[in-house]
Amino acid sequence: MCSGSSPAPEQLQSLAVSLQHSCVAFCSICHAATAAAGPSYKNELVNLAQGVVIPCLSLVKELACGQALKTHVGLVWDGVAAVSKASADNKACMFKGVAATLAVLKDTVREMDELQEQQQQQHHEAGSPIQPAEQTASSNNDKQPTSSSSQPSCTSSSQDAGATLSAAAVAENSQQHQQQNQHDVDLDFEAGEMSSMEQQVLTSSLQLLTASINTIKAFGKALLQGPTLSVGSDQLDSWESCLFHARHLRRAGEDLGAAMYPPQDFEEVGSAALALFEVTELMTDECPNAEAVGPEQLSSLASQLKAAHEQLREVLGQAQQEANNADSD
C-alpha cells in the first residue's frame, strides 16, 4: 500500500477491523492498570493509550485513499514503541519523573560549564588570563556528600528496583538526547565576555545547582529502596507531592542557567536562585522517605544547599553594589 498499490476493499476492511480489535484490547489493558495507579501513573497510562489509538484512527481513515500512508504508519509505530518504555507501576512512574528532573538539571550544569570554559578561552586568547576561579562543585556533581553519603545500592533481586531503573534510564537518555539537539542550535554562537563579578556569579550558581542535584539523587535512591507505592497509601501521596515540586525545580534550574549569559541581570539571577533554593528546601523538609535517605545525610544536604545559596546571595549583593557604583559614576 505504501508503494502505491491499491488492495481490495475486503482486505482494507479486514485490516481496519484487526487494527480496531488490537486497539480495544490495548485500551482494556491500560484501563485495568489504572485500578492500582496514582494520579501521575494514571495520566501516563491515558497518554500511552492515546499515543497508540489516535494514530491508528488516522491510519484507518487514510487506508481508503492511500495517501500519506508512510507518515501515518510511522506515527503508529512511534506510539507502539512508547509502550515498551512505559512505567510498570507507580514507583517506576515516580522515579521516571525524578530522573527527568535530574537529567534537566545536569544538562543545565553542562551548559554552564561550557559557558565558563568559553569565557576562560576568550580571556586566554585576549592575552589577559583571569584569576583562576575556585573549583566548581559541578565537576563533582556525580559525587555524594562525604558525610553519611554512602548509600546502599539496590539489590539485583529486587524486580521493582530493576524496573524503575530501566524506566529512569530511558527517560533520562531521551531527555538528554532532545536537550542535546536543542543545545546544538542554542550554543551555536559566542557569548559576550563576562566581567570578573559575573564569573563569580556563575561559579556560585553552579555550586547551588550541584547541591540541588545531590538532593534529587538522594531522593531517587530513597524511592528505589522504599516500599511499593499502593493507591491510597501515604507514601504514594507524599511521592506525588515530591514529583510536583520536582517539576517546578526543573523550571527553576532552567531559568537559572538562562540567566547566566552576559550581560547578567542580577535580580533575575537572584529570583531564579531563590526559586531553586526554596523548592529544593521544601522537598527536603517533606522528604517522603527520610529513613531511607538517612537523618544525617538529609541534614548534610540541607546544610550544603543553604550554604551555597547564602554564598550566591553574597556574591550577587557585591555584584549589584558594583553595578550601582558604576551607574553613579
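Let's start at Gly38: setting aside neighbours within four places in sequence, Gly38 is in contact with Asn90, Val231, Leu236 and Glu240. Keep in mind as you look around that this is a predicted model. The protein chain has 329 residues, with ten helices and zero strands. Below is a short tour, from that glycine to the chain as a whole, then to a leucine and a cavity.

**Gly38 and its surroundings**

- Gly38 sits in the loop between helix 1 (9-33) and helix 2.
- Is Gly38 buried or exposed? Gly38 has a relative accessible area of 3%, and it counts as buried because that value is under the 20% cut-off.
- Partners of Gly38 beyond its sequence neighbours include Asn90 and Glu240.
- Cys93 is a useful landmark here: 55 residues separate Gly38 and Cys93 in sequence, while their C-alpha atoms are 9.3 Å apart in space.

**The chain as a whole**

- If you trace the protein chain along its sequence, you will meet the pattern α-α-α-α-α-α-α-α-α-α.
- Buried residues make up 43% of the 329 in the protein chain.
- How much of the accessible surface belongs to carbon and sulfur atoms? The share is 52%, out of a total of about 17,300 Å² for the protein chain.
- Take the contacts between residues at least 6 apart in sequence: 84% of them join residues at least 24 apart.

**Leu63 in helix 2**

- Leu63 belongs to helix 2, which covers residues 39-63.
- With a relative accessible area of 8%, Leu63 is under the 20% cut-off and therefore counts as buried.
- Pro9 lies 54 residues away from Leu63 in sequence, and the C-alpha to C-alpha distance between Leu63 and Pro9 is 9.8 Å.

**The cavity**

- How many cavities of 30 Å³ or more does the count give? The count comes to one.
- The largest cavity has a volume of about 30 Å³.
- If you would like to find it on screen, look for its lining residues: Ser238, Ser241, Cys242, His245, Met283, Glu286 and Pro288.
- Which helix gives the most to the lining of the largest cavity? Helix 7, spanning residues 234-258, does so with four residues.
- By residue type, the lining of the largest cavity holds three nonpolar residues, three polar ones and one charged residue.
- Glu286, one of the lining residues, is that charged member, because Glu counts as charged.

Notes: Residues numbered from 1 in each chain as written. Predicted model: local features only at pLDDT ≥ 70, side-chain atom pairs only at ≥ 80, totals over all residues. Heavy atoms only, no water. 1 Å grid on protein atoms, 1.4 Å probe; cavity = no way out; pocket = protein on both sides within 12 Å on 5 of 7 lines; lining within 4 Å. Points joined across faces, edges and corners; volume = space filled by probe spheres on them. Helix = DSSP H or I, 4+ residues; strand = E, 2+ residues; numbered from the N terminus. Buried < 20%, exposed > 50% of the residue type's maximum accessible area, 1.4 Å probe, protein only. Contact = heavy atoms within 4.5 Å. Areas by Shrake-Rupley, 256 points an atom, 1.4 Å probe, with all protein chains shown as cover.
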